[in-house]
Every structure is written in structure tokens, then in C-alpha cells.
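Here are my notes for someone opening this one for the first time. Have a look around, then read the points in order.

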Amino acid sequence: MILIVAEHTAGKLAKATLEMVTAARESGREGPITLLVLGQNVAAVATEAAAVADQVLVADLPGLATYNAEVWAAATTQIAQEGEAHTVIIGGSRSGREYAPRVAVKLDAAYLEDATKLSSNGAALQAQRYTYLARVTETVEADGLVVVTVKPGSFAPAAPAGAAGEQYDVELTLPAPRVEVTGKSVEKSSRVALTEADVIVTGGRGVGSPENFSRYVEALADNLGAGVGATRAVVDAGWRPYAEQVGQTGKTVQPKAYIALGVSGAVQHLSGMGKSKNIIAINKDAEAPIFKVADYGIVGDINEIVPALIEASRK
Amino acid sequence: MNILTLVRQVPDAEARVKINAQQVDLDGATLVIDGMDEYGVEEALRLRESGAPIEQIIALAIGPKRNEDALRTALAMGVDRAIHVETDEKFDAVTLSRVVAQVAQAENATLILAGGQEADWDSQALGAASAERLGWPQLTWTNELKLDGDTLTGRHDVDDGNESFRATLPAVVTTQQGLNEPRYPTLPNIMKAKKKELRKDDPATYGLTGKVRTVNAEIQTRARLNTMIDGKDAQAAAQQLLDLLRNEAKVIA
Ligand SMILES: Cc1cc2nc3c(=O)[nH]c(=O)nc-3n(C[C@H](O)[C@H](O)[C@H](O)COP(=O)(O)OP(=O)(O)OC[C@H]3O[C@@H](n4cnc5c(N)ncnc54)[C@H](O)[C@@H]3O)c2cc1C
Ligand SMILES: Cc1cc2nc3c(=O)[nH]c(=O)nc-3n(C[C@H](O)[C@H](O)[C@H](O)COP(=O)(O)OP(=O)(O)OC[C@H]3O[C@@H](n4cnc5c(N)ncnc54)[C@H](O)[C@@H]3O)c2cc1C
């Protein structure tokens with residue numbers, strides 16, 4: 001079977017889960033597509049999951065109330081072994097890429113990390129992935145038992161296929177977590193999540209100040225129903241939370257439209273947004289590297305162009 | 001206690017990447033120690049400077065000859081000695097974790113500091129896979145770290161924000177931007193580093209069999225329209241852009 005560990009937040013199945021189902025369908029690997037739902041009070045998630053999977057295994061346990069790498073790795077491994085999974089698919093989120101290697105070691109499986117495409121080549125599972133700051137696309141392959149993480153935003157979200165899959169409750173033997181969480185700050189945003197947004201408006205240092213960031217970047221994003229992104233320069237300056245950072249050490253995004261305001265286009269930033277379908281840049285420097293990857297560009301001052309854009313896009 | 005730091009030599013971010021015979025060719029590229037690994041080396045040094053009873057800080061690199069330079073950098077920054085498991089074969093991180101685990105045990109390391117993400121192959125797996133092989137907990141994406149006795153505290157990034165944590169050694173910690181500002185090796189320290197031990201280990205002693213093959217590498221570029229709009233008349237430019245996004249790109253309603 002193909003085992004997929006469902007990602008979910010706030011009682012809802014994440015888009016990343018639907019993307020993993022597509023990855024499984026495209027993988028060329030056989031057997032029922034099985035979604036594993038780990039968590040507490042996840043009945044609603046399991047029902048959503050059943051719509052896209054052949055079967056859903058539900059571990060609704062107090063020990064799974066909060067994520068821990070060792071606990072998730074143990075749970076996934078146990079189910080993969082009991083279900084004789086030949087392919088284990090895990091989300092390419094920060095947590096997914098943290099516990100997936102542990103699952104690969106436990107199962108003595110090959111690990112294909114951060115796949116953007118999956119296919120079969122005989123017995124081998126082939127994955128494409130981005131390397132060298134997303135400038136190179138590599139194809140890697142492995143035989144037999146494989147653990148895969150799937151890069152968010154790389155596969156189309158799966159639509160329901162046929163009748164809903166059966167749901168089964170599963171029992172798990174979980175280790176005690178060894179990392180104690182002593183505090184947490186959740187970076188909440190009322191806006192659409194960056195990795196799920198069709199349109200992203202990102203502000204760079206050229207926006208000028210934290211006040212301007214709200215006045216220009218957030219206001220334009222609100223008019224367009226877009227997510228908000230930031231460059232590292234802006235995050236380092238404390239203008240915006242790290243959750244909004246796009247790039248090598250931030251999030252990787254591939255929206256339909258990526259609108260960069262006052263962003264120079266450093267390689268580390270491009271590595272996080274260079275695969276966007278349309279790139280739009282506004283920068284006063286006609287030589288800024290961001291224009292080399294832009295589909296539409298305006299050479300001009302943020303302080304003049306963006307208010308005009310906000311005005312013209314007001315609903 | 002001993003600390004093991006993992007380092008790699010990678011192309012500088014601005015270096016041009018070439019493809020030769022379906023593989024990346026680093027010939028002529030400027031190479032540097034991976035910035036994420038540098039945070040790990042720096043953090044090990046800072047933990048010692050903050051008074052933690054650390055006997056030895058050992059840097060480990062696994063890979064081709066170029067990694068000697070990353071080890072030299074780590075030695076010049078202040079680590080005590082270095083181990084290079086030299087191999088031209090490209091192994092995946094889960095396979096390489098076998099070496100890390102064996103070296104950590106042989107060197108009595110109770111803390112491993114690893115880069116959060118590779119600048120070249122983009123992997124985040126080595127720290128976690130090594131932790132699993134050793135049966136240790138792990139903390140990834142760490143941006144603050146303190147060591148008191150064998151208790152680690154600090155902060156790290158998680159899916160939906162940032163958490164503070166407490167864990168007991170032994171453990172693996174992976175780095176993240178903001179953890180520290182790595183020091184520049186001074187000339188005297190670079191000279192001193194030349195006298196420090198850089199041991200070469202035979203990869204055969206670690207029993208490596210890779211499970212992942214790289215079958216192709218290519219540079220895929222997306223053709224961009226590069227339609228430029230003059231911003232002198234802000235209103236006209238804004239309207240023109242919105243029209244293009246609505247009617248040509250069809251990305252907004
Ligand atoms: C970790 C894990 C736990 C599962 N738990 C259940 C479960 O509790 N009930 C269930 O019906 N299906 C369970 N399944 C799904 C099961 O393996 C089959 O895929 C599914 O039941 C389809 O059944 P089948 O009759 O087509 O196939 P078969 O695999 O031929 O199943 C034959 C019969 O055995 C039962 N069965 C199979 N595997 C298990 C199992 N691991 N635990 C308990 N009963 C099993 C099924 O109910 C079925 O009636 C589980 C799968 C995994 C990987
Ligand atoms: C290991 C490492 C990892 C990194 N990871 C990331 C990452 O994940 N994400 C990331 O973004 N960066 C990352 N960086 C940093 C990156 O190298 C750049 O420094 C950063 O992206 C620059 O941000 P910026 O474009 O906002 O600022 P700048 O480079 O300062 O660019 C500002 C731009 O605004 C324009 N401008 C100024 N004023 C105006 C105006 N009034 N109107 C219009 N335009 C104006 C300027 O012409 C300029 O092009 C990383 C660096 C390293 C070394």
C-alpha cells in the first residue's frame with residue numbers, strides 16, 4: 001500500500017494532503033492509497049480524508065495532541081510496517097522533513113526528499129527535486145521501500161475519486177516525547193497561508209518602513225485577496241514575522257502571481273519564489289535582478305505606484 | 001563532553017552552476033563552507049566560551065576533497081580537530097548518517113551540531129537521520145541555544161511559529177539563520193589551524209551503500225515575458241498592470 005501521513009491544522013485537512021494524494025496517484029506505485037490521520041479529535045479530518053483516499057487509518061489519541069518528531073516517526077513506522085507499505089509519503093513541511101528521515105532509518109528505506117514530481121521507472125521510484133538554490137532540477141531514484149517528502153505547492157490538489165474510503169481506527173505504541181516544549185508563539189495571520197495562496201504580495205526593504213509595509217503591501221494584498229510575503233532583509237529588520245519570509249531559509253512558494261514590491265531579487269530570495277507562474281516586480285532600479293525573472297515589471301517608486309495600484313484595484 | 005560539528009564545502013550562492021553530462025559540474029565555482037554549518041561551528045565555540053565544560057570540538061566532513069577547506073575553516077574558527085571521510089561518491093543524507101553516528105560514538109560526542117539545510121543539495125535530513133541512528137532526540141531550525149550541565153534550552157522554528165524547548169543531552173541540534181553571527185578566522189588562527197589534526201578516514205570502514213541514485217540534473221528556466229511598464233505616470237502604469245494581470249495573465253479577477 002501507499003501510506004500518506006495526512007497534514008491537518010485546526011481540524012481541517014491541509015491542501016498539502018490533497019497534493020500528496022495526487023503525488024501518490026502519479027507515482028506509478030500500486031496498492032491502495034491509505035491516509036493516516038494522526039492527532040486528537042480528528043474525526044472531521046478523517047472524514048475529509050476519506051473523500052480522496054482508498055482507506056483512512058485514524059489514530060485519535062491524547063498522545064498525538066501535539067506534534068513531536070520521535071512520536072510521529074514511531075507512529076508512521078508502526079503503521080507502515082503493519083500495513084506493509086512500500087511507499088510512505090510525508091509532507092515537505094518543516095515538521096515533515098524533520099521526522100521523515102527518522103522513518104527512513106527505522107524502516108531501512110531509501111529517502112527521496114522534497115519531491116516536486118514522482119514517477120516509476122521499472123521498480124524504481126523517481127523523484128524530481130530542486131537543488132542549488134532551486135536553480136537545478138535533479139532526478140533521483142530508489143528501489144523498493146521508499147519514504148518520500150513532497151514539496152508543498154508542487155502537485156495539484158486531488159479531487160475526490162469515487163466512493164469515500166473506509167475509515168479504521170488504529171492502535172499505536174508511542175514513545176514518550178523527549179523534547180519538552182516550554183513556550184510557543186504562533187504566528188497567526190488572518191490572511192491566506194503563503195503556501196496555499198494563489199496570489200502573493202511581497203515587500204522588500206524598498207518598501208521603506210514597517211508602517212509603509214502595512215500601508216502598501218498589506219493593503220494591496222487585501223484588495224487582491226492575496227497572501228503577504230517578506231524578504232529576509234525585512235524580517236531581519238524586525239518589520240515582519242519570520243513566518244512571512246520567502247526564500248532559501250524561508251518558505252518556498254509557487255503562486256499564480258507573485259508581486260514583489262521593492263525586492264532586489266537576491267538568489268536566496270529567488271530560490272523561494274522563482275517557480276511562480278507569473279512574477280510581477282515594482283522597483284525603482286531598472287537594473288534590479290528581480291526584473292530578469294519578471295513577466296511584468298514597473299520601473300518606478302513604490303510610494304507612487306503602489307497607492308495608484310491600491311486605488312485602481314479597490315473593489 | 002565533546003561536540004561534533006558537521007561541515008561541507010559548497011558553491012557560493014552567487015556562483016554560476018554548470019551542468020556536464022547530466023550532473024552538476026563545480027569546476028571553476030567559488031566554494032565556501034556552507035553558511036548553515038558555519039552557524040553550527042560558531043555555536044559550538046560559543047557554548048564553550050559561555051563556560052560549558054566542553055573538552056573537544058571536532059569537525060566532521062564526509063565527501064570529496066574540497067571538504068578539506070570547510071574543515072580548515074572550522075579549525076581556523078577554533079574547533080580542536082577535524083575528521084575527513086573522503087569519498088567522491090555522492091551518498092544521500094540517510095546513508096551518510098551511518099558515518100555521523102559511528103563517529104559520534106567513537107569520539108564520545110554528546111552533542112551534534114548540523115546545518116539546518118544544505119546550500120547545494122538542499123537536504124535537511126542529515127541531522128535527523130543521525131539522531132535516529134543514535135537514538136537521540138533532535139531539535140531542528142534552532143535560533144537560540146543554551147547549555148547548562150546536560151540540559152539544553154533554547155528556541156526553534158516549527159510549522160506555525162516558534163517554540164522554546166528543554167531537552168537533555170545527548171541530542172542533535174540543527175541550525176537556522178539568526179542563531180549567531182559566525183566569526184571570521186583571524187590570520188594567526190588560520191596559521192595555528194595548519195598545525196591542528198585533520199585526520200583522513202577510509203570510507204570503507206563505515207560500510208556505506210547508497211540507496212538513492214542521481215540520474216539527471218538540468219537547469220530548467222522558465223521563459224519570462226519581461227514586459228516592462230514605464231512608471232513615470234503612476235496611475236497609467238497601475239492601470240496597465242492590472243489590465244495585463246486580468247486579461248493576459250488571468251491571475252486576478
Ligand atoms: C495498521 C493498519 C490497521 C488496519 N486496521 C484495520 C481494522 O482494524 N479493520 C479493518 O477492517 N481494516 C484495517 N486495516 C485495513 C486493512 O488492512 C485492509 O486494507 C482493508 O480492511 C481492506 O480489506 P480487504 O478485505 O479488502 O482486504 P484483506 O487485507 O484481505 O482483509 C481481510 C480482513 O481482515 C481484516 N483486517 C485486515 N488487516 C487488518 C488489521 N491490520 N487489523 C485488523 N483487521 C484487519 C479486514 O477487516 C478484512 O475483513 C488496517 C490497515 C493497516 C495498515
Ligand atoms: C544563507 C543566506 C540565506 C538567505 N535566505 C534568504 C531568504 O530566505 N529570503 C530572502 O529574501 N533573502 C535571503 N537572504 C538574503 C538575501 O541575500 C538578500 O539580502 C535579501 O533577499 C535582500 O532583501 P531585499 O530585496 O528586501 O533588500 P535589498 O536587496 O536591499 O533590495 C531593496 C530593493 O528595493 C528597491 N527600492 C528601494 N527603494 C525603493 C522605492 N522607493 N521604490 C521602489 N523600489 C525601491 C531597491 O532598488 C532594491 O532593489 C539570505 C542570505 C543568506 C546569506
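**Notes on the two chains**

1. Let's start with a loop. A163(A) sits in the loop between β11 and β12 of chain A (helices, H or I with at least four residues, and strands, E with at least two, are DSSP runs numbered from the N terminus). With a relative accessibility of 65%, A163(A) counts as exposed (exposed means over 50% relative accessible area, buried under 20%, partly exposed in between, with a 1.4 Å probe and protein chains only). A163(A) and D54(A) are 109 residues apart in sequence, yet 8.5 Å apart in space, C-alpha to C-alpha.

2. Some housekeeping. This is a predicted model, in which local features need pLDDT of at least 70 and side-chain atom pairs count only at pLDDT 80 or more, while totals for chains, interfaces and linings use all residues. Residues are numbered from 1 along each chain as its sequence is written, chains are lettered from A and ligands numbered from 1 in the order in which they are written, and side-chain values use heavy atoms, with hydrogens and water left out.

3. Now the sheet with seven strands in chain A. This open sheet runs in the order β7-β11-β6-β1-β4-β5-β12, with parallel pairing (two strands pair if DSSP finds at least two bridges between them). β7 (110-115) and β12 (166-169) of chain A are the edge strands, and each has a single partner, so one side of each is left without a neighbour in the sheet. On average, neighbouring strands here are turned by 20° against each other, direction ignored (axes are lines fitted to C-alpha atoms, for helices over the stretch in contact, and angles run from 0 to 180 degrees between N-to-C directions). At one end of the order, β7(A) pairs with β11 (residues 146-150) of chain A over four bridges, and A115(A) has V150(A) as its bridge partner.

4. Which sheet takes strands from both chains? The open sheet of four strands does, with the order β8(A)-β9(A)-β10(A)-β14(B) and antiparallel pairing. Its edges are β8 (117-121) of chain A and β14 (213-218) of chain B; each has a single partner strand, so one side of each lacks a neighbour in the sheet. The twist averages 25° from one strand to the next. Across the chains, five bridges join β10 (residues 136-143) of chain A to β14(B), with E138(A) partnered by A217(B).

5. What does helix α6 of chain B pack against? Its buried residues pack against β16 (257-261), β17 (278-283), β18 (296-299) and α8 (302-313) of chain A, together with β15 (227-230) of chain B (contact means heavy atoms within 4.5 Å). Those buried residues are A234(B), A237(B), A238(B), L241(B), L242(B), L244(B) and L245(B). They cover an arc of only 155° around the axis, which puts them on the same side of α6(B) (the arc is that of the directions from the helix axis to the C-beta atoms). On the other side, Q235(B) and N247(B) are exposed. Just after the helix, K250(B) takes a positive phi of about 55°.

6. From there, go to one of the strands that α6(B) packs against. In β16(A), five of its five residues are buried: A257(A), I259(A) and L261(A) point one way, and Y258(A) and A260(A) the other. Five parallel bridges join β14 (residues 199-203) of chain A to β16(A), and five more parallel bridges join β16(A) to β17(A). A260(A) stands opposite T202(A) in the pairing with β14(A) and opposite A281(A) in β17(A).

7. Is H156(B) buried or exposed? At 6% relative accessibility, H156(B) counts as buried, and this residue lies in β10 (residues 151-158) of chain B. Its side chain reaches the backbone oxygen of T140(B) at 2.8 Å. Leaving out residues up to four places away in sequence, H156(B) touches several others, including W141(B), N143(B) and F165(B).

8. Finally, some backbone oddities. Most residues other than glycine have a negative phi, and most peptide bonds are trans. The bond from L169(B) to P170(B) is cis, with omega near 0°. A21(B) is not a glycine but has a positive phi of about 50°, and at 68% relative accessibility A21(B) counts as exposed. N108(B), also not a glycine, has a positive phi of about 55° and lies in the loop between α3 (93-106) and β8 (109-114) of chain B.

Methods
Polar contact = N/O pair within 3.5 Å; in protein donor to acceptor, adjacent residues only side chain to side chain.
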